Each structure stands twice: as C-alpha cells, then as structure tokens.
Amino acid sequence: MHGERTSEREAHEGDYVLQERSSGRLERMIALPREVDPDRIEAVLSDGVLTVTLPKAAEAREKDRRIDVKAR
C-alpha cells in the first residue's frame, strides 16, 4: 500500500503572508503467511478504513480439521 500526503497552510498577518507546504510519501508493506492465496487477495478502502481479505490457499484448506467438543 502506498500513497502521498500533502498539506498547505496560508496565514495573513500584518503586512506579510505566511505560506507553508509539505508533502510526503506513505508506504506500508507486510509479509503474507504461506497459507494465503495471493491471487485471491482483496482490499477495499471505505471511509478511511482499509479492509484486506486474505483467503487461504487450497492446500492450506485441505489441512483444516474439525475438532469435536464434548460437553460434560
């Protein structure tokens, strides 16, 4: 994920004008677990929230197992 951020500020004080500008690049990288299928990854940005879905690869799903829970 990467993006850029910029901001500007201008202030009129007395007989001069103060202008400030700043910008910067943002980047975030994460290592994916081996069980993830990289071709099926989905990312959705909504209202400033990034939701990333990392589905398991077929090989990892085959290793899933069900554990029966018994109540006493």
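**Charge pairs, a hairpin and a nonpolar patch**

Student: Which side chain meets that of Arg-21 in a salt bridge?

Tutor: The model is predicted. In it, the closest N to O distance for this pair is 3.8 Å. That is within the 4 Å cut-off, so the contact counts as a salt bridge. The partner of Arg-21 is Glu-8.

Student: How many residues apart are Arg-21 and Glu-8?

Tutor: Arg-21 sits in strand E2, and Glu-8 sits in strand E1. The pair therefore links distant parts of the chain. The separation is 13 residues.

Student: Is Glu-8 buried or exposed?

Tutor: Exposed means over 50% relative accessible area. Glu-8 has 66% relative accessibility. Its partner Arg-21 has a relative accessible area of 63% and is exposed too. Glu-8 therefore counts as exposed.

Student: What is the N to O distance between Arg-9 and Glu-20?

Tutor: The side chains of Arg-9 and Glu-20 meet in a salt bridge. Arg-9 is in strand E1 and Glu-20 is in strand E2, eleven residues apart. Arg-9 is partly exposed at 44%, and Glu-20 is partly exposed at 41%. The N to O distance is 3.1 Å.

Student: Is Asp-37 buried or exposed?

Tutor: Asp-37 forms a salt bridge with Arg-40, with the closest N and O atoms 3.9 Å apart. Arg-40 counts as partly exposed at 38% relative accessibility. Asp-37 has a relative accessible area of 19%. The cut-off for burial is under 20%, so Asp-37 is buried.

Student: How many bridges join E1 and strand E2?

Tutor: E1 spans residues 2-13, and E2 spans residues 16-27. Their pairing is antiparallel. His-2 stands opposite Glu-27 in E2. The number of bridges is twelve.

Student: Which residue in the hairpin of E1 and E2 takes a positive phi near 60 degrees?

Tutor: The hairpin has two residues between the strands. The residue with the positive phi is Gly-14.

Student: Of the twelve residues of strand E1, what number is buried?

Tutor: Burial requires under 20% relative accessible area. Strand E1 lies largely in the open, because the number of its residues below that limit is just one.

Student: What accessible area do the residues of the nonpolar surface patch have together?

Tutor: The patch is formed by Ile-30, Leu-32, Ile-41, Leu-45, Leu-50, Val-52 and Leu-54. Leu-54 lies in the loop between strand E4 (49-53) and helix H1 (58-62). Leu-54 is partly exposed at 34% relative accessibility. The combined accessible area is about 610 Å².

Note on methods:
Residues are numbered from 1 along each chain as its sequence is written. This is a predicted model: local features need pLDDT of at least 70, side-chain atom pairs count only at pLDDT 80 or more; totals for chains, interfaces and linings use all residues. Side-chain values use heavy atoms; hydrogens and water are left out. Patches are made of residues with over 30% relative accessible area and no salt bridge: like charges are joined within 9 Å, nonpolar side chains (Val, Leu, Ile, Met, Phe, Trp, Tyr) within 5 Å. Accessible areas come from the Shrake-Rupley method with a 1.4 Å probe; for residues, only the protein chains shown count as cover. Helices (H or I, at least four residues) and strands (E, at least two) are DSSP runs, numbered from the N terminus. Buried means under 20% relative accessible area, exposed over 50%, partly exposed in between (1.4 Å probe, protein chains only). Two strands pair if DSSP finds at least two bridges between them.
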